Amino acid sequence: MKKFTLLTLILILLLSLILLRGNYIISLLYLCYVFIKTSFTQNSNILQIIDLPFIDNVSSVLLLFISLFVVVFSKSINKKLQQKINFINIVITLLLMCFLFAPIITVQHPDFQKNISVTKLLHPFSSVEYVRFKNENNPITEKDKLISLYNSVIYKPYDENIIFFDSSQTDTEFKCFQAGEEIVIDKSLLVTDGKEIKIYNKFFPLGTDEFGRDVFTRIIFGSRISLLVGFFAVLISFLLGIILAYIATQSGRLLNIVISRLTDLFLTVPAIFFVLLFLAFFGNNLISVILVLGFTGWMSLFKIAKSEMISVKQKEFFLTAKLIGLNKRELLIKEILPVIIVPVIVNLIFQFSNVILAESALSFLGLGTGNEYSSWGRMIQSGQRYLSEAWWLVIIPGLVLIITLLAINEAGRKL
Amino acid sequence: MKSELLKLFINRILTSILVLFLLITLVFILIRLAPGDPLQKFISPKLSPELATQVEKSFNLDKPIHIQYFSFLAKIFSGDFGVSYSYRTSVLTVIKNYFLFTLIFSTISFLLQFLIAFLIARFTFKNKDKLVDRITNRAAVVIYTIPSFVLGLFLVIVFSVSLNLFPTSGIESIHNDSVSVLQKIADHLYHLILPLITLTAAGSALFYRYLRDGFSQVSNMNFITSLRASGFSEKEIFNKHILPNAIQPLISVAGIEFGILMGGALITEVIFSLPGMGRLTVSAIINHDYPLVIGCTFIAGLIMIVANMIADLIKIKFDKRLTKELIE
């Protein structure tokens, strides 16, 4: 029997994503087709429908097909994925998939909320009934058609056409109840299934938060914040650490001493203190969190890179390269980096998990990436006010965070 | 030997002063760069312009920035941190109240971390390569990874909300005044059990990893084998030879850890709303209470440095050769 490899897992996940969400993918592709067609036939300004969600959705669908293609046909990647599955690569695969295909995996906008009195603080695995209004407006122009198609395909944080309710009654009119409040709706306005009014069911796999937003969706989108902050902060730390270490080893003694002493200074004071100070004084948002975490995380990398560079400096190949006349940048990129890359990468992986932890801790203290992004720490912070009513608001993002950190740390240790 | 130790001491004190000075300067620069004028808290629009300038003068804010900086430094190093904006009393008085709690709380936690790590490490070392050992090693990694705010909230959910065993926050019950001293202490301890677990878990896992690795590394060395061949008892070998050698890398880590703990167990204090240094610092930062921010920074930095120094001294006691290394 063939081994169950990582490749099989990825293929199963990708294919099941395509099969399960085929409906959505096809309607999105159709939207693209209509968009391109209209942009050729109409002169009016239709570029205005290109916004972030649109690009996000379309690019994830494209990425889905590209990654499927690459995984199957690229020989080198195919070979690399022929490894046994374990905890680390399962978690990392899932994280990457959440990051890349978040709009395809989820079935709604992360901030979607409607009829809070019915949908707030629902248990995991609960579902709510809702009815849908008929779509009344009939678009005439091509542009209106495109816009209504866009509105029906791309998920938005609101939807006027649906009403959630606890229970309902159908007589001559449709009556539904929301937390004791009665709402009467004309039958002719609602979507019907034959003669009966069609009652849909919305399923919340991980429950909802205090604003009736789906926790599952928010977790998936939260992975984007964590990975984004982690990636860019680590990139900044990497560039700073490597460049400073290179300057310290290649230039005179004085500069070396100054840089090294400064590093020691930053190492004695807990970085979290400066991070808090900076964010509280200068405002906290996604960019400032990335910058601050990047600028406070280069010290350990600097120490490692410096000690490695000192040993490289005396090696013959480096002296030869220097005598040939490579300039400083070429020396760094072509001669030093390939040699020291392994310890540096190990350090960067640990730094990555540190940054993810720091970002969620900052969000927990209310100094994170702000309200507009549903980061995991932010979810835990807002969930702690509902500890007695809704444990899942804290436990679920907490567990996701722990599993992520464990997988990344283990990956660093294995290398 | 003595002169070398003295040299180390002077060296350390000089660098510490430099570090503190740079730290304070950095904070000063950050505060001055920050948007918003701290003066606005004290000047109401109704105040006459003369009085407003008088207030400005009383804060030394009318002078050029470098003179402000030097008078600020002179004040700090003479121990005058000024008056807290939000508490309206001297910064040192505010810090004193909060520091006492942090001192007791963090010391208990630190000792517990050490004790738990040592006991478990000794136990698993004796049961080397057995199932208990492997499970504990894995568990230590997992526990170390759990962020303290997640652990704290999990504990609250399980023990306070579901089982209703422990209180969720604070350090004393409402009717705390009418009981005897012993009952008071018991009440405090009862309130501090969950915070202590939260604060101690990650630290003990870290210490455990260091101790356990140290034990197995040292026990594989040749001199242990030769001691064993000479017929010393296992107990004697462990207490007199393995332990002192294995504990060394732990001490520098413990020094840093202790310094951080004394600066305040920030997250734990926030979760359980405890009156400690960490929460004081955060609230000072968020309320833009600049004198208090500087006071907290200074105290935290000072303690970090002292803790590191003590750790170095303990290390020297175990291994005299380190003196030279540390001077360099």
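**Strand E4 of chain A**

I began with strand E4 of chain A, residues 174-178, and asked which of its residues sit on the covered face. In this predicted model, Phe174(A), Cys176(A) and Gln178(A) make up the covered face. Lys175(A) and Phe177(A) are on the uncovered one. This fits a familiar pattern, since side chains in a regular strand alternate between the two faces of the sheet.

Next I looked for the neighbours of E4(A). Strand E3, residues 167-170 of chain A, pairs with E4(A) in the antiparallel sense, and I noted four bridges. One residue to click on is Ser168(A), whose bridge partner in E4(A) is Cys176(A). Three residues form the hairpin connection from E3(A) to E4(A).

I then turned to strand E5 of chain A, residues 181-185, which runs antiparallel to E4(A) and is joined to it by five bridges. Here Lys175(A) has Val184(A) of E5(A) as its bridge partner. The hairpin between E4(A) and E5(A) has two residues between the strands. I made a note of Ala179(A) in that turn, as its phi is positive, about 50°.

**Chain A as a whole**

I stepped back to see what surrounds these strands. Chain A has 16 helices and eight strands. Its C-alpha atoms fill a box of roughly 90 × 55 × 50 Å along the principal axes. Of its 415 residues, 47% count as buried. I also checked how far along the chain the contacts reach: among those with a separation of 6 or more, 78% are between residues 24 or more positions apart.

**Two single residues**

Is Ser237(A) buried or exposed? I found Ser237(A) in helix H8 of chain A, residues 215-250. Its relative accessible area is 1%, which is under 20%, so Ser237(A) counts as buried. Leaving aside residues up to four places away in sequence, Ser237(A) touches Leu293(A), Gly294(A), Gly297(A), Trp298(A), Leu301(A) and Gln351(A).

For another reading I picked Asp144(A), in helix H7 of chain A, residues 142-153. Asp144(A) comes out as partly exposed, at 39% relative accessibility. I also took a distance from Asp144(A) to Ile116(A): their C-alpha atoms are 31 Å apart, with the two positions 28 residues apart along the chain.

**Salt bridges within a chain**

I went through the salt bridges next and got a count of ten over all chains. One of them pairs Asp209(A) with Arg213(A), with the closest N and O atoms 3.0 Å apart. Both Asp209(A) and Arg213(A) are buried. I followed the links outward and found a network of salt bridges made of Asp111(A), Asp209(A), Arg213(A) and Arg218(A).

In chain B, I looked at Glu236(B) and Lys240(B), whose side chains meet in a salt bridge at 3.8 Å, N to O. Both lie in helix H9 of chain B, residues 234-246, and they are four residues apart, about one turn of the helix. Glu236(B) is partly exposed at 32% relative accessible area, while Lys240(B) is exposed at 56%.

**Where chain A meets chain B**

My last stop was the interface. I noted 34 residues of chain A in contact with 36 residues of chain B. The two chains bury about 3300 Å² between them, and 88% of that is on carbon and sulfur atoms.

How many salt bridges are there between chain A and chain B? The count is one. The pair is Glu410(A) and Arg138(B), with a distance of 3.5 Å, N to O. Glu410(A) is buried, at 9% relative accessibility. I also searched for residue pairs in polar contact across the interface, both at pLDDT 80 or more, and the rule finds zero.

Which elements of chain A give two or more residues to the side that touches chain B? They are helices H9 (253-268), H10 (271-282), H14 (328-364) and H16 (392-414). H16(A) supplies the largest share, eleven residues. Sorted by type, the residues on this side of chain A are 26 nonpolar, six polar and two charged.

Definitions and conventions: Residues numbered from 1 in each chain as written. Chains lettered and ligands numbered in written order. Predicted model: local features only at pLDDT ≥ 70, side-chain atom pairs only at ≥ 80, totals over all residues. Heavy atoms only, no water. Buried < 20%, exposed > 50% of the residue type's maximum accessible area, 1.4 Å probe, protein only. Pairing = 2+ DSSP bridges. Contact = heavy atoms within 4.5 Å. Buried area = accessible area lost by both parts, 1.4 Å probe. Salt bridge = Lys/Arg side-chain N within 4 Å of Asp/Glu carboxyl O. Polar contact = N/O pair within 3.5 Å; in protein donor to acceptor, adjacent residues only side chain to side chain. Nonpolar A, V, L, I, M, F, W, Y, C, P; charged D, E, K, R; others polar.
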